[in-house]
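Student: I have just opened this entry and would like to go through it with you. Could we begin with the empty spaces and then turn to the strands and the charged pairs?
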Amino acid sequence: MVLAFVAGMALAQQQEPIVPVSRPGLDGRGRDPWVFRCVFEDRTRMVLVAPAPDWWVAFNPETCAIHKVWQGKVDFRGKVWDFSQDNSRARGRILYATPTEIWRLANDQSLPGWNLDGVKSEKGAWSFPDPTSKLSTPSFDASGWRKVFLSFDESGRKGRFQVDISDSSSRVRPQMFQSALSVGGETDFQFNFKRVERPTEATRISIHGLGPGKKLRNLRMYGDRSAWVDAAGRQLETVWGGYTLVGQTKAVWLRYGVKLADGRIVQIQHQPEVNATGWTEQFVVSNLPPGQKLFLRREGLSPTLKISTPLSFADRVWTFTSNGTFDIRFEVQESKK
């Protein structure tokens with residue numbers, strides 16, 4: 001029995017490990033499971049759809065809109081995949097990507113209006129020589145963004161960074177947090193990110209090191225712009241309702257609602273699908289009151305896309321004027337060199 005057990009263990013050790021990502025997709029889908037949720041590009045519980053090999057669609061339940069479409073792969077990172085502090089990201093040919101960055105501080109030069117009090121550029125990062133060193137941003141408008149985050153990489157184990165987030169007009173009480181400080185060594189960099197609880201039209205950030213020799217890089221503020229807006233361009237509240245698989249592999253319906261200014265909720269079912277020349281998105285709209293209009297904003301479309309739809313499309317905005325089923329087709333064309 002012992003010899004049989006040992007032989008079995010040796011055989012098991014010789015077998016290739018089962019990696020879910022490399023499983024072939026059922027019925028021609030790009031992955032099994034082909035619809036799932038994960039942390040993706042610094043956003044929690046995103047919906048990822050793999051409609052065909054090397055095709056990916058990322059849907060953001062926070063905005064109830066597609067976040068990104070690309071041909072290629074997903075670089076799976078994070079605790080679930082490789083025990084890292086990073087998270088999964090798109091790799092390949094980006095066909096659509098919604099704008100996400102509010103601002104970014106380059107690692108070797110300051111932006112106009114920034115205050116670098118004792119902070120110096122050093123080897124692709126910002127050095128804070130002592131606890132009096134401080135970095136401050138000018139006042140900027142973050143009020144038109146949803147789910148806003150501040151992120152950066154830190155190094156140095158002799159103290160944390162302290163971050164103060166405030167409204168320069170003092171209408172909102174400041175928010176304060178300290179960095180994680182879980183780097184493996186003195187020169188290693190650790191990723192940090194924190195949600196900005198009350199982004200306003202006069203947001204300001206101040207950062208100072210609580211110990212000597214701290215370094216900071218890749219400082220940025222990002223978020224999600226509302227995709228569903230009214231006639232004046234004002235963001236509309238969305239209500240995520242989950243997704244439903246049709247026959248497990250036949251199709252997927254993304255379900256959500258868009259709340260109008262008068263409180264009524266327009267129900268939408270949204271189905272992305274690939275075809276021979278690109279992809280199609282089908283929208284089934286219900287409960288849109290007569291005479292009302294609903295607008296879907298989509299910035300960041302690749303110039304190589306040819307778009308066809310019965311909907312009105314102008315200034316990167318589609319207009320829904322009635323209930324019904326509507327298709328938007330995206331044909332991928334080769335870029336002209």
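Student: What volume does the largest pocket have?

Tutor: This is a predicted model, and in it the largest pocket has a volume of about 280 Å³. D86, R89, D153, F191 and N218 are the closest to its centre, out of 14 residues that line the pocket.

Student: Which strands each supply at least two residues of that lining?

Tutor: Three strands do so: β11, covering 145-155, β14, covering 190-195, and β16, covering 214-225.

Student: And how do the residues of the lining divide into nonpolar, polar and charged?

Tutor: Seven residues of the pocket lining are charged, four are polar and three are nonpolar.

Student: How many cavities of 30 Å³ or more are there?

Tutor: The count is two. Rolling a probe the size of a water molecule over the atoms shows where empty space is left. The largest cavity has a volume of about 140 Å³.

Student: Which residues lie nearest the centre of the largest cavity?

Tutor: Y96, T98, R225, A227 and R297 lie nearest its centre, and the lining comprises 18 residues. Two or more lining residues come from each of β4 (65-75), β16 and β22 (294-297). By type, the lining of the largest cavity has six nonpolar, seven polar and five charged residues.

Student: Let us look at β22. Are its two faces covered or open?

Tutor: Both faces of β22 are covered. L294 and L296 are buried on one side, while F295 and R297 are buried on the other. As a general point, in a regular strand the side chains alternate between the two faces of the sheet.

Student: Which strand is joined to β22 by two bridges?

Tutor: That is β17, residues 228-229, and the two strands run antiparallel. Within this pairing, V229 stands opposite F295 of β22.

Student: What about β25, then: how many bridges does it form with β22?

Tutor: Strand β25, residues 317-320, pairs with β22 over four bridges, again in the antiparallel sense. There, F320 of β25 is the bridge partner of L294.

Student: Changing topic: how many salt bridges are there?

Tutor: The count comes to 18 salt bridges. Side chains of opposite charge can pair when their charged atoms come close.

Student: Which residue forms a salt bridge with K147?

Tutor: The partner of K147 is E62, and their closest N and O atoms are 3.9 Å apart. This pair links distant parts of the chain, with K147 in strand β11 and E62 in the loop between β3 (55-60) and β4, 85 residues apart. E62 has a relative accessible area of 23%, so it is partly exposed.

Student: And which residue is paired with E101?

Tutor: E101 forms a salt bridge with R220, the closest N and O atoms again lying 3.9 Å apart. E101 is in strand β6, residues 101-104, and R220 is in strand β16, so that 119 residues of sequence separation are bridged by the pair.

Student: Is R220 buried or exposed?

Tutor: R220 is buried, because its relative accessible area is 12% and the cut-off for buried is under 20%. E101, at 33% relative accessibility, counts as partly exposed.

Student: How far apart are the closest N and O atoms of D262 and R264?

Tutor: In that salt bridge they are 2.6 Å apart. D262 is partly exposed at 43% relative accessibility, and R264 is partly exposed at 44%.

Student: Which residues are joined into one network by salt bridges that share partners?

Tutor: The network consists of D42, R89, E101, R104 and R220. R89 is also one of the residues closest to the centre of the largest pocket.

Student: Now a loop residue. Where is S133 found?

Tutor: S133 is in the loop between β9 (126-128) and β10 (134-136). With a relative accessible area of 2%, S133 is buried. Leaving aside neighbours within four places in sequence, S133 is in contact with D117, G118, V119, F128, I207, H208 and G209.

Student: Last one: in which strand does R329 lie?

Tutor: R329 lies in strand β26, residues 324-332, and is partly exposed at 42% relative accessible area. Beyond its neighbours within four places in sequence, R329 is in contact with W279, T280, K306, I307 and S308. The C-alpha atoms of R329 and G233 are separated by 24 Å, and these two residues are 96 apart along the chain.

Notes. Residues are numbered from 1 along each chain as its sequence is written. This is a predicted model: local features need pLDDT of at least 70, side-chain atom pairs count only at pLDDT 80 or more; totals for chains, interfaces and linings use all residues. Side-chain values use heavy atoms; hydrogens and water are left out. On a 1 Å grid over the protein atoms alone, a cavity is a set of points where a 1.4 Å probe fits but cannot get out, and a pocket is an open set with protein on both sides within 12 Å along at least five of seven lines; lining residues have an atom within 4 Å of a point. Grid points are joined across faces, edges and corners, and a volume is the space filled by probe spheres set on the points. Ala, Val, Leu, Ile, Met, Phe, Trp, Tyr, Cys and Pro count as nonpolar, Asp, Glu, Lys and Arg as charged, and the others, Gly among them, as polar. Buried means under 20% relative accessible area, exposed over 50%, partly exposed in between (1.4 Å probe, protein chains only). Two strands pair if DSSP finds at least two bridges between them. A salt bridge is a side-chain nitrogen of Lys or Arg within 4 Å of a carboxyl oxygen of Asp or Glu. Contact means heavy atoms within 4.5 Å.
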